[in-house]
Amino acid sequence: MRRILSILLENEPGALSRIVGLFSQRGYNIESLTVAKTDDESLSRITISTRGDQRVLEQITKQVNKLVDVLKVRELTERPNVEREVVLVKMLAENNEQREEIKRCSDIFRGQIIDVTAKVYTVQLLGTSEKVEAFIDVMRENGSIIETVRSGVVGIGRGDKALKP
Amino acid sequence: MNNDERPMLTGAQMVVKSLEDLGVKYLFGYPGGAVLDIYDALFEHQSIEHILVRHEQAAVHAADGYARSTGDVGSVLVTSGPGATNTITGIATAYMDSIPLVVLSGQVPTTVIGEDAFQETDMVGCSRPIVKHSFLVKRAEDIPEAIAKAYYIARTGRPGPVVVDLPKDIVSPLIKAPYYLPKEINIRSYKPSTKGHPRQIKKAVDVLCKAKRPVLYTGGGIISAEASAELTALAEKLNAPVTNTLMGLGGISGVHPQYVGMLGMHGTYEANKTMHNADVIFAVGARFDDRVTNNVTKFCPNATIVHVDVDPTSISKTIQAHVPVVGEAKRVLQQVLELMEHENVTNDKDEMARWWNQIDQWREVDSLGYTKSADKIMPQQVVECLYEVTNGDAYVTSDVGQHQMFAAMYYPFKKPRQWINSGGLGTMGFGLPAAMGVKLAFPDSYVACVTGDGSIQMNIQELATCMQYGIPVKIININNSSLGMVKQWQSMFYDGRHSHSYMDSLPDFVKLAEAYGHVGMRVSDPRELKSVMEKAFAMKDKLVFLDINVDPSAHVYPMQVKGGTIDDMVLASKDGENK
């Protein structure tokens with residue numbers, strides 16, 4: 001089962017490598033990982049998408065919590081939450097047929113064409129990971145993908161609860 | 001203290017001053033380019049005694065032995081590059097056994113980090129998976145705080161090793177900065193829990209009092225938390241049997257009537273039987289290691305498991321706990337005792353009598369019994385003789401292999417911290433340097449390193465360190481001219497194909513000891529064993545290397561059958577064959 005972990009940790013050199021190292025050392029997988037400082041610049045927030053049953057998740061959460069740099073860990077998927085991911089898809093757009101198809105699909109998914117050159121369109125899409133994947137599938141079937149890049153998922157719990165020190 | 005009152009020191013002076021102010025007595029180390037300035041600051045220093053080892057791995061093991069025997073944090077100082085990487089095995093050893101250490105490593109100047117400079121190694125990176133935490137200090141003024149935090153982190157919560165990497169330019173004599181060592185450490189992201197949650201304590205007490213066949217299964221957490229008295233009190237209050245892990249030996253006296261021996265792969269018959277048949281397992285400071293559980297899917301099927309540990313990750317990692325209690329062993333045991341006292345509850349004494357009746361039957365199997373020989377010394381006999389000669393009062397360090405198991409099984413440890421071995425990592429070469437650390441801490445006590453002809457050669461160079469500093473440990477070399485444990489497995493599981501487990505061309509250990517300036521003795525006749533050992537221990541100021549030729553065919557029994565239940569065991573029969 002897919003799970004999203006939110007981690008609040010000290011914004012210090014080496015802190016990220018401890019998290020990543022822990023996952024590889026203990027054989028946990030990482031589907032995506034995003035990291036950036038928070039509104040409080042002394043802290044970073046990491047969002048990790050991983051897979052595992054409840055027992056594995058409990059171990060991961062405890063192991064991450066044990067790292068000295070980590071202040072808080074929460075499994076976002078335990079409670080109501082919102083998640084978003086950005087994908088940029090670069091498509092071959094050499095003729096009208098291709099260009100129209102890209103435009104049509106982007107509109108259906110509420111994507112935006114954010115860069116245009118003579119032979120290439122780049123489309124941006126924002127949504128849940130599921131939506132991003134559906135979009136990539138459609139683009140693959142209905143056009144010619146040159147490359148894609150995904151941001152990895154970020155998520156936040158709903159309501160007034162927050163991951164704070 | 002305001003800034004004007006803070007003395008201006010160089011980074012190197014701050015390192016030494018911080019250690020001094022933190023009460024460090026012994027620093028085990030080895031100099032080199034990146035730490036020359038620190039060594040210069042140490043020169044003729046009064047309060048810290050530096051012990052120059054002969055290999056950095058031994059510095060860590062020595063500091064580890066010091067830490068295990070005293071409960072204080074062990075301290076190590078090494079240079080960058082190979083000096084740092086040589087500490088890795090020692091750090092991993094301490095990490096696996098939760099031993100508090102601080103390893104100060106030199107580093108190339110910050111200006112050239114990442115440029116593959118001479119003797120550069122990313123020490124923080126190399127050691128990351130095997131440390132509790134680490135620091136790469138970038139400014140001289142940050143040194144005291146980093147070192148103070150390192151000692152705090154090393155000794156609190158679940159103890160462990162901490163690395164402090166010190167680039168050469170920040171310890172340079174050219175830069176001075178105000179010295180200030182924080183008295184109180186407050187790390188917002190690090191708050192180890194000490195007390196158990198009252199609701200969980202209540203549940204634990206309920207389960208314990210209802211138990212008909214309880215067992216207290218305790219490990220290294222009892223030793224590191226100094227919880228021996230509380231454990232003994234609880235055991236006596238309940239009249240419950242106690243078994244200790246390899247790391248927990250001495251947590252309750254090895255001669256206590258309720259002690260059923262070590263459990264696990266080479267545990268006693270009665271310990272493993274008691275575990276398997278228990279209806280409640282009260283685990284404290286133990287982690288259901290694979291060398292204890294055997295096949296986890298068949299582990300103690302009828303037991304309700306209460307698991308007390310200071311480290312939440314240890315709970316339900318391999319075996320699901322029914323009642324998890326996060327907290328320090330000492331504090332939690334006190335809470336349990338207080339609650340039982342307060343509510344005036346205890347268990348059913350008649351049930352306990354029935355339980356003991358059963359356990360006593362298992363004891364009658366005499367699973368540690370072995371057959372002596374008229375002309376060959378049995379390894380078990382060596383350890384029993386050591387117990388007699390030292391009145392059971394020695395600090396015993398060991399290496400890894402058959403001799404380690406024999407020492408654990410045949411020397412009943414009466415007190416915590418008496419038994420010092422590499423349990424988790426299983427590091428050959430640990431015993432001698434660890435014994436140095438113990439002997440420095442307890443110069444008036446017997447300190448014996450029980451080792452084998454394989455292990456002792458892994459750090460034998462430390463005989464020189466022992467000579468330089470006058471560290472008169474006794475080396476009990478159980479010599480079977482082979483890597484006994486490897487050979488035993490090959491005999492049992494590989495059709496006797498003894499692939500590379502025979503030690504050809506062993507050195508003459510007596511002459512070798514003498515070459516280092518020590519005393520060497522050899523014994524092969526069982527009739528002479530005791531008198532030779534007495535002679536060795538009578539030489540209080542001498543390191544004696546006692547080379548004891550034993551029966552090389554001896555196996556360690558009992559032994560669990562791989563893949564079975566905890567009590568699925570092979571026992572030694574009295575005629576030397578398996579049964």
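**Figure 1. The side chains of B:His61 and B:Gln57 share a polar contact in this predicted model.** The atoms that join B:His61 to B:Gln57 sit 2.9 Å apart. B:His61 belongs to helix H3 of chain B, a helix that covers residues 56–70. Is B:His61 buried or exposed? B:His61 counts as buried because its relative accessibility is 0%, and the cut-off for that class is under 20%. If you would like to trace the surroundings, leave aside residues up to four places away in sequence; B:His61 then touches B:Thr89, B:Gly90 and B:Thr93, among others. The same list of neighbours also includes B:Thr427, B:Gly429, B:Phe430, B:Pro433, B:Ala434 and B:Asn459.

**Figure 2. Chain B is divided into three stretches, and here we look at domain 1 and domain 2.** Domain 1 takes in residues 3–178, domain 2 residues 198–363 and domain 3 residues 379–556. Where domain 1 of chain B meets domain 2 of chain B, each contributes six residues to the contact. Taken over C-alpha atoms, the centres of these two domains of chain B are 38 Å apart. Together, domain 1 and domain 2 of chain B bury about 550 Å², and carbon and sulfur atoms supply 50% of that area.

**Figure 3. A salt bridge links B:Arg158 and B:Asp311.** How far apart are the closest N and O atoms of B:Arg158 and B:Asp311? The answer is 2.7 Å. Between domain 1 and domain 2 of chain B, the rule finds one salt bridge. The tally of polar contacts across this domain interface is two residue pairs, with both residues at pLDDT 80 or more. Sorted by class, the side of domain 1 of chain B that touches domain 2 of chain B holds two nonpolar, one polar and three charged residues.

**Figure 4. Chain A combines four helices with nine strands.** Follow the chain along its sequence and you will read β-α-β-β-α-β-β-α-β-β-α-β-β. Along the principal axes, the C-alpha trace of chain A spans about 55 × 35 × 35 Å. Chain A has 165 residues, and 41% of them count as buried. What share of the contacts in chain A with a separation of 6 or more comes from residues 24 or more positions apart? Such pairs account for 73% of those contacts.

**Figure 5. Chain A and chain B meet through 20 residues of chain A and 20 residues of chain B.** The two chains bury about 1700 Å² between them, with 43% of this area on carbon and sulfur atoms. Which residues of chain A lose the most area to chain B? They are A:Arg18, A:Arg55 and A:Val68, which together make up 39% of what the chain A side buries.

**Figure 6. B:Arg188 and A:Glu10 form a salt bridge between the chains.** The N to O distance in this pair is 2.7 Å. Chain A and chain B have two salt bridges between them. The polar contacts between the chains come to 12 residue pairs, again with both residues at pLDDT 80 or more. On the chain A side, the elements that give two or more residues are helix H1 (15–25), helix H2 (54–66) and strand S4 (70–75). By class, this side of chain A brings six nonpolar, six polar and eight charged residues to chain B.

Notes
Residues numbered from 1 in each chain as written. Chains lettered and ligands numbered in written order. Predicted model: local features only at pLDDT ≥ 70, side-chain atom pairs only at ≥ 80, totals over all residues. Heavy atoms only, no water. Domains from an automatic or database assignment. Contact = heavy atoms within 4.5 Å. Buried area = accessible area lost by both parts, 1.4 Å probe. Salt bridge = Lys/Arg side-chain N within 4 Å of Asp/Glu carboxyl O. Polar contact = N/O pair within 3.5 Å; in protein donor to acceptor, adjacent residues only side chain to side chain. Nonpolar A, V, L, I, M, F, W, Y, C, P; charged D, E, K, R; others polar. Buried < 20%, exposed > 50% of the residue type's maximum accessible area, 1.4 Å probe, protein only.
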